[in-house]
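Visitor: I am new to this structure and would love a close look at one part of it. Could you pick a single residue, show me where it sits, and then connect it to the rest?

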Amino acid sequence: MALYLVGGVVRDLLLGRKTLDLDLTVEGDGLAFARSVAGRYKASVVQYERFATARLVLPDGQKIDIASTRRESYADPAALPKVEPSSVRVDLFRRDFTINAMAVQLNAGNFGLLHDPYSGQRDLRSKTLRVLHEESFRDDPTRIFRAIRFMQRFGFSLESGSRRLLAEAAAANLISRLSGPRLRNEVLLLLAEHQPSRATDWLVRLNLLRFLHPRLRYTRRVKRLLDAVSPACAWWAKLRSAPSVERPVICLMALLSEAGPSILRSVAQRMNLSSGQSAAIDWSGSQTDLILKRLLQNRELRPSQVYRLLIGLPPEALVLLAAKMQLPAAGREARRCRQRLARYMKRDRHAAIAVRGEDLKKLGLKPGPRFKSILDRLLGARLDGKVKTEAEEREMAYRMVARSG
Ligand code: CTP
């Protein structure tokens, strides 16, 4: 069988960039090839019969996608294609851009031979993104997002004919036909790029935000906030024991930061966000604004008050809050706010008390709402340093129970 390295990995090799995913394609039975490679390298293999593709995961975690060279036909714009076997040349023609339509043969004898029937190398040199045919964006509207991604990532410009086709496809309602998971995937990949606000500028220029929600507004503050997300994530990553966060989701929250609850709900639904992602984006707008306001306005906030403000927030919302602190509106108090957030993350969120409900029962308190309020006050006292030892804590509990008795 003729075997090729294909697509993005060839592009990245020619650009001298690191690439993590390996895409292989086989002229012949890709699935049989995948099974045989899996056996030889002790890789696990998942097969997708419908598209005659397979994914191998090698024992060291390296992933390899294997396909059979194929022709694709699209019955309907934005639908998934019908596939049938073909030569590598035809396989390359079905792809999105010339720079992604090159293959390197891997067979002994022809090892390293570059197949570049559509002048991808020329376009790489002239930093040009060019579709292979007129129907490209119609066949697969996710390519509208991909075009923005590649222009943005490599600093390429779109060739004039492709630009016209992109604008036409963007103006048509093709994106509204994409399924939620496909739209989510593309939007989050776009926001995962190095400078998400530049990618978003493109969405705005092409009037594509309407596919997330027709009333979504892109203000200067939103753009600034998007720019503040990366530094906030870098700051977060340096905090000891901070849980890992999804940067693209925080960017999405920034993008939605001026939207009200009904728009947030509808975007979460349209994009088919996971429950964790939806819970995070609920915090995009006024809820974190309000917390920020409290943190900024009250210089004398005690650690226990900060704790109560922050305790319910998912990690992504905390990072967004840190990004909001970077905006000029936060003014001179921003630094102090950051320090409070850092203290909460490093220390206070782990705070615990020794006294339990059982102990209160033993002191004669009947179970009821007083339980929670006493335990909360004990925790507050610990956080604010009013009680420092277990003995002091127990004494305070005793006093409170006695008072309520
Ligand atoms: N491809 C395509 N049309 C799409 C998606 C993918 O033609 N809508 C082809 C391109 O040849 C692409 C290859 O499939 O290079 C692999 O796709 P993918 O892994 O999504 O993209 P990469 O080009 O590898 O880009 P990235 O570096 O962002 O992963």
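Guide: Happy to! Let's start at His 213, which is buried because its relative accessible area is 9%, under the 20% cut-off for that word. Please keep in mind that this is a predicted model. His 213 belongs to the loop between helix H9 (196-205) and helix H10. Setting aside residues up to four places away in sequence, His 213 touches Ile 263, Ser 266 and Val 267.

From that loop we can step to H10 itself. Helix H10 covers residues 220-238 and gives nine residues to the largest nonpolar core, the largest share of that core. The core as a whole has 123 residues, and those with the most contacts inside it are Phe 137, Leu 208, Leu 252, Leu 295 and Leu 310. As general background, nonpolar side chains tend to be buried together in soluble globular proteins.

Let's pause at one of those well-connected residues. Leu 208 is in contact with Ile 144, Ile 148, Ala 170, Ile 175 and Leu 203, once its neighbours within four places in sequence are left aside. There is also a second, separate core, made of nine residues, with Ala 2, Val 6, Val 88 and Leu 132 among them.

Another place worth visiting is helix H1, which runs over residues 8-15 and has Gly 8, Val 9, Val 10, Arg 11 and Asp 12 as its buried residues. These buried residues pack against four strands and two helices: strands S1 (2-6), S2 (22-27), S8 (103-105) and S9 (114-115), along with helices H4 (120-125) and H6 (142-154). After H1 comes Gly 16, with a positive phi near 70 degrees.

Now let's step back to the whole chain. Its secondary structure amounts to 20 helices and 11 strands. The radius of gyration is 27 Å, well over the 22 Å that the globule rule gives for 405 residues, so the chain is more spread out than a compact globule. Along its principal axes, the C-alpha trace spans about 85 × 50 × 35 Å.

His 213 has company in being hidden, since buried residues make up 48% of the 405 residues. Of the contacts with a separation of 6 or more, 66% are between residues 24 or more positions apart. On the outside, the chain exposes about 20,400 Å², with 51% of that supplied by carbon and sulfur atoms. Finally, there are 71 positive and 41 negative side chains, and the centres of these two sets lie 7 Å apart.

Note on methods:
Residues are numbered from 1 along each chain as its sequence is written. This is a predicted model: local features need pLDDT of at least 70, side-chain atom pairs count only at pLDDT 80 or more; totals for chains, interfaces and linings use all residues. Side-chain values use heavy atoms; hydrogens and water are left out. The radius of gyration is taken over C-alpha atoms; the globule rule is 2.2 Å times the number of residues to the power 0.38. Buried means under 20% relative accessible area, exposed over 50%, partly exposed in between (1.4 Å probe, protein chains only). Contact means heavy atoms within 4.5 Å. Accessible areas come from the Shrake-Rupley method with a 1.4 Å probe; for residues, only the protein chains shown count as cover. Lys and Arg count as positive and Asp and Glu as negative; His and the chain ends are not counted. The place of a charge is taken as NZ of Lys, CZ of Arg, CG of Asp or CD of Glu. A nonpolar core is a set of buried Ala, Val, Leu, Ile, Met, Phe, Trp, Tyr and Cys residues joined through side-chain atoms within 4.5 Å.
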